[in-house]
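Student: I keep running into words like "buried" and "salt bridge" and I never know what backs them up. Can we go through a structure and check each word against its cut-off?

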Amino acid sequence: MSKKELTAEQEQIARFAKAMGHPIRIAILEMLANQSCCYHGDMSEILPIAKSTLSQHLNELKDAGLVQGTITLPTVKYCINKENWEKAKSMFSAFFIEVSNEDNCSTK
């Protein structure tokens with residue numbers, strides 16, 4: 001039996017999952033999902049973290065393609081990347097359906 005290569009879809013869903021793997025990032029995504037956009041400064045006043053830490057979390061979400069930012073010095077405005085958000089929702093949905101259809105390994 002030969003080893004199988006990881007698919008591009010497996011790598012993409014893992015990237016989305018990694019980016020969403022921190023409670024602050026979930027809070028950021030929830031905040032952005034409830035409004036059309038939000039400024040970095042506004043988020044730093046609401047979330048219980050330093051501005052520099054917030055920037056690191058936003059960069060992780062941006063690198064994964066879940067959010068996008070618009071720079072208008074001296075501010076940065078962030079919003080959900082709707083195209084990639086829909087892609088992530090679809091991929092996670094399909095993944096959970098696929099996993100839930102597998103045989104249960106518990107003893108009967």
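Tutor: Sure. Let's start with pairing: two strands pair if DSSP finds at least two bridges between them. Keep in mind that this is a predicted model.

Student: How do you know that strand 2 and strand 3 pair?

Tutor: Six bridges join strand 2 to strand 3, residues 75–80. The cut-off is at least two bridges, so these strands count as paired, and they run antiparallel. Two of the partnerships are Val-67 with Ile-80 and Gln-68 with Cys-79. Strand 2 and strand 3 also form a hairpin, with two residues between them.

Student: What holds paired strands together in general?

Tutor: Strands of a sheet pair through backbone hydrogen bonds, either parallel or antiparallel.

Student: And what makes strand 1 and strand 2 edge strands?

Tutor: Three strands form an open sheet here, in the order 1-3-2, with antiparallel pairing. Strand 1 (38–39) and strand 2 (67–72) each pair on one side only.

Student: On to charges. Why is the contact between Glu-60 and Arg-15 called a salt bridge?

Tutor: The cut-off is a side-chain nitrogen of Lys or Arg within 4 Å of a carboxyl oxygen of Asp or Glu. For Glu-60 and Arg-15, the closest N and O atoms are 2.7 Å apart, so the pair passes the test. Glu-60 lies in helix 4 (residues 51–63) and Arg-15 in helix 1 (residues 8–19), so this salt bridge ties together parts that are 45 residues apart in sequence.

Student: What about Glu-60 and Lys-18, at 3.8 Å?

Tutor: That N to O distance is 3.8 Å, and the limit is 4 Å, so this one counts as a salt bridge too. Lys-18 is in helix 1 and Glu-60 in helix 4, so the pair links parts that are 42 residues apart in sequence. Put together, Arg-15, Lys-18 and Glu-60 are linked in a network of salt bridges.

Student: How many salt bridges does the structure hold?

Tutor: Three. Besides the pairs with Glu-60, the side chains of Lys-89 and Glu-86 meet in a salt bridge at 3.2 Å, N to O. Lys-89 and Glu-86 are three residues apart in helix 5 (residues 82–100), so about one helical turn separates them.

Student: Now for exposure. How do you know whether Glu-60, Arg-15 and Lys-18 are buried or exposed?

Tutor: Buried means under 20% relative accessible area, exposed means over 50%, and partly exposed is in between. Glu-60 has 16%, so it is buried. Arg-15 has 24%, so it is partly exposed. Lys-18 has 55%, so it is exposed.

Student: And what makes Lys-89 and Glu-86 partly exposed?

Tutor: Lys-89 has a relative accessible area of 44%, and Glu-86 has 46%. Both values fall between 20% and 50%, so "partly exposed" is the right label.

Student: Which residues does buried Glu-60 touch?

Tutor: Leaving aside neighbours within four places in sequence, Glu-60 is in contact with Arg-15, Lys-18, Ala-19 and Arg-25.

Student: Why do you say that the buried residues of helix 1 line one face?

Tutor: The buried residues of helix 1 are Ile-13, Phe-16 and Ala-19. Seen down the axis of helix 1, they fall within an arc of 125°, so they line one face of the helix. These buried residues pack against helix 2 (23–33), helix 4 and helix 5.

Student: Last one: why is His-40 called buried?

Tutor: His-40 has a relative accessible area of 14%, and buried means under 20%, so the label fits. His-40 lies in helix 3 (residues 40–46). Not counting residues up to four places away in sequence, His-40 touches Lys-51, Leu-54, Ser-55, Leu-58, Val-76 and Tyr-78. Take Lys-51: it is eleven residues from His-40 in sequence, with the C-alpha atoms 8.1 Å apart in space.

Technical notes. Residues numbered from 1 in each chain as written. Predicted model: local features only at pLDDT ≥ 70, side-chain atom pairs only at ≥ 80, totals over all residues. Heavy atoms only, no water. Helix = DSSP H or I, 4+ residues; strand = E, 2+ residues; numbered from the N terminus. Buried < 20%, exposed > 50% of the residue type's maximum accessible area, 1.4 Å probe, protein only. Arc of directions from axis to C-beta. Contact = heavy atoms within 4.5 Å.
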